[in-house]
Structure formats: C-alpha cells, structure tokens
Amino acid sequence: MLIATTLAQIQNALAQTRKQGKTIGFVPTMGALHEGHLSLLRRAKKENHVCILSIFINPTQFGPNEDFTKYPRDKKKDVLLAKKENIDIIFYPSEKIMYPPGYLTYIEVTKLSDVLCGRTRPGHFKGVTTVIAKLLNIVRPQTMYLGEKDAQQCVILKHLVKDLNFATKVIACPTVRETDGLAMSSRNKYLSSTERKEATVLYSSLTLAKNEIKRGLRDAMKIRYLIEQNIRTLSRGEIDYVACVNAENLEPLTEIKGHVLIAVAARWGTTRLIDNVSISVK
Ligand code: AMP
C-alpha cells in the first residue's frame, strides 16, 4: 500500500494505473476510520481495479467555532485499517499541499448549500465542494463513493460533478449503524455515556416517522412534529432541524410524496449529530 503525501507521488502512481487501463474507485474521508468508511472502501475495492482512500481534515469546511482542532486524528490506526482492507493508495496530503500560501479559489454549489445543515453551518458546503473538486482533479477517479449518512453532501456533490463536467460517477452507499441504530460517525467519540445512549433517539424517531408514513400519514408537518416530540421527550438533545424534503432537490414538502428525505440534526453539548432516512411514496 502506497501512502502518498505529495502531488507528485499520487499523480505518478495514478499515471501508472491509467496506463495499465485500470479503473480507479475513490473514497474521500477525514480519517478516524470506522465501519461506515470501511463499507465505502469495500465497495470501491470490489467495483474497481484500484481503490484510493484520501484522508484530509479539510479546514475550509469547519466554521470558526467548530471542532477542527479537536477532530479525532489517528493516522496509525487508519493506516492499519486501510492495509487490512487491501487499499492500494492512501492520499494523505498536508494543509500546505491542498491550500498553499496565496490560495484563492473556492467552488460553491449555490442554493442546495444554504438549506438544512447549511443554515447553521454557513460556508461548510463551500469548503466541502472546494476540497472535493480539488481531489477529483488530482485523483480523476471513474467512481467516487459517498455515504448516505451525509445525504445533503451527496446531493450537493452529485450536482457539483454534473455542473462542472467531472468524468466521475458518484455512488451513495447505505448508512452503517451501531447495533442500537446510532449512525456511525467519527464524532460519536465526543459523546459521554449518557449522551451516547440518548443519541439513539435520532434513528428511533426517524424509524417511527417512516413507519407512520408506511401506515398512511402524509402530512409533513405532523411527521416533523412527531420526530421533534420524540427527541424532546426521550433526550436532552437540542434540535437544530427536523426536515421533510424532496430527496433530489432538498425542497421542503408539505405533503409526503415522491422520493422523500427525512433529515435531522441535533446537539448534545457541543457535539452535533445528523441522521436521515428516505422513503419513496406514490
Ligand atoms: P467523513 O470522514 O466524516 O468526512 O466521511 C467520509 C465519507 O464516509 C462520507 O462520504 C460519509 O458520508 C461517509 N460516512 C460517514 N459515516 C458513515 C456511515 N455511518 N455509514 C456510511 N458512510 C458513512
């Protein structure tokens, strides 16, 4: 397994790969790898000749009061896990390589970046789209694998790829959960044991809502109310938003119809967690 830290290293390795006519599957991450990340790597490995994992804690996607400095970093463990999965290349650039002095260019997917998480995290998705555009230009993969856990990110990055004509297919993979339903996240490490127990309310509330939809409830406001009430009754989590939106364009719904994304964000102390489910309704 090659650990490429410079542009020359990654580009030389990939030039060889392309010359041999091999396909490249790409999984961008911020490290602190867990089973969620590994599921994407396994899929990329299965569907491509070569699998590239990038690990870069992207400073431009963190707000001034967010957790950039305390975001979990464990290079040793990440390298071990990647080796175990037979990953071909880890791209592990420094901040200086991604944003050298004098860096000026940012990419923004408008509209979609301002709703849901974009409301409380202004500039977050601009950082995400900028770093992913750069990584796609560096790696030029046939396919990029993302997690449905970050549903808004998937919608935005699919738009980015389409709008800027990147020759990359984007595949969204199912959310991997702990046995009690909590979506795996590098940020779960921040939770105290009480908070960790309470955080299961996110998925249980989403599941409750999904079951109500299956039983015929179509009023989006009632669905949102149901989720909010459940979270407030069963936990001390502070709700950031509960939304029922069109899963393709993220527009808010009054009636549950079509491909629907039900998304939540809530905070326990300074730890902000997100989760979502989707459902197709005729
Ligand atoms: P991150 O390191 O948090 O930036 O995540 C890197 C990629 O892994 C993103 O595409 C995430 O959506 C995906 N991911 C994170 N958690 C999970 C999970 N529990 N299940 C599936 N994919 C995930």
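**Two sheets and their helices**

Biologist: Starting with β3, which residue there is the bridge partner of F26?

Modeller: The bridge partner of F26 in β3 is I52, where strands, like helices, are DSSP runs numbered from the N terminus (E over at least two residues for strands, H or I over at least four for helices). This is a predicted model, in which local features need pLDDT of at least 70 and side-chain atom pairs count only at pLDDT 80 or more, while totals for chains, interfaces and linings use all residues. Residues are numbered from 1 along each chain as its sequence is written, and side-chain values use heavy atoms, with hydrogens and water left out.

Biologist: And how many bridges join β2 and β3?

Modeller: Strand β2 (residues 24–29) and strand β3 (residues 50–55) pair in the parallel sense over 6 bridges, and two strands are said to pair if DSSP finds at least two bridges between them.

Biologist: What packs on the sheet there, touching β2 and β3?

Modeller: Helix α2 (residues 35–47) does, and besides β2 and β3 it touches β5 (143–147) and β6, contact being heavy atoms within 4.5 Å. The direction of α2 makes about 155° with that of β5, where axes are lines fitted to C-alpha atoms, for helices over the stretch in contact, and angles run from 0 to 180 degrees between N-to-C directions.

Biologist: What's the strand order in the open sheet of 6 strands?

Modeller: The order is β1-β4-β3-β2-β5-β6, with parallel pairing. The edges are taken by β1 (2–4) and β6 (169–173), each of which has a single partner strand, so one side of each is left without a neighbour in the sheet. Neighbouring strands of this sheet are turned by 25° against each other on average, with direction ignored.

Biologist: Is β5 mostly covered or mostly uncovered?

Modeller: β5 is mostly covered, with 4 of its 5 residues buried, and on this scale buried means under 20% relative accessible area, exposed over 50%, and partly exposed in between (1.4 Å probe, protein chains only). β5 pairs with β2 in the parallel sense over 2 bridges, G25 having T143 in β5 as its bridge partner. To β6, β5 is joined in parallel by 5 bridges, and there the bridge partner of M144 is V170.

Biologist: Switching to helices, at what angle do α6 and α7 pack?

Modeller: Helix α6 (residues 124–139) and helix α7 (residues 151–163) pack at an angle of about 50°, their axes being 10 Å apart. The two are therefore oblique to each other, since angles under 35 degrees count as roughly parallel, over 145 as roughly antiparallel, 65 to 115 as roughly perpendicular and the rest as oblique. The contact includes F125, V128 and I132 from α6, and I156, L157 and L160 from α7. Its residues divide into 9 nonpolar, 3 polar and no charged, where Ala, Val, Leu, Ile, Met, Phe, Trp, Tyr, Cys and Pro count as nonpolar, Asp, Glu, Lys and Arg as charged, and the others, Gly among them, as polar.

Biologist: And α9 with α10, how do they cross?

Modeller: The axes of helix α9 (residues 201–214) and helix α10 (residues 220–234) come within 9 Å and cross at roughly 150°, and the helices are therefore roughly antiparallel to each other. Among the contact residues are L202, L206 and E212 of α9 and I223, I227 and N230 of α10. The residues of this contact divide into 11 nonpolar, 3 polar and 1 charged.

Biologist: What's the order of the open sheet with 3 strands?

Modeller: The order is β7-β8-β9, and the pairing is antiparallel. The edge strands, β7 (238–246) and β9 (271–281), each pair on one side only. Strand β8 (residues 258–268) is joined to β9 by 11 bridges, with I262 standing opposite V277 in β9. Across β8 and β9 lies α9, running at about 15° to β9, while α10 packs on the sheet touching β7 and β8, its direction making about 155° with that of β7.

Biologist: Last thing: what is the phi of N86 near?

Modeller: Phi of N86 is near 60°, a positive value in a residue other than glycine, whereas most residues other than glycine have a negative phi. N86 is found in the loop between α3 (75–84) and β4 (89–91), and at 53% relative accessibility it counts as exposed. L116 also has a positive phi, of about 45°, in the loop between α4 (95–98) and α5 (117–120), but at 11% relative accessibility L116 counts as buried.
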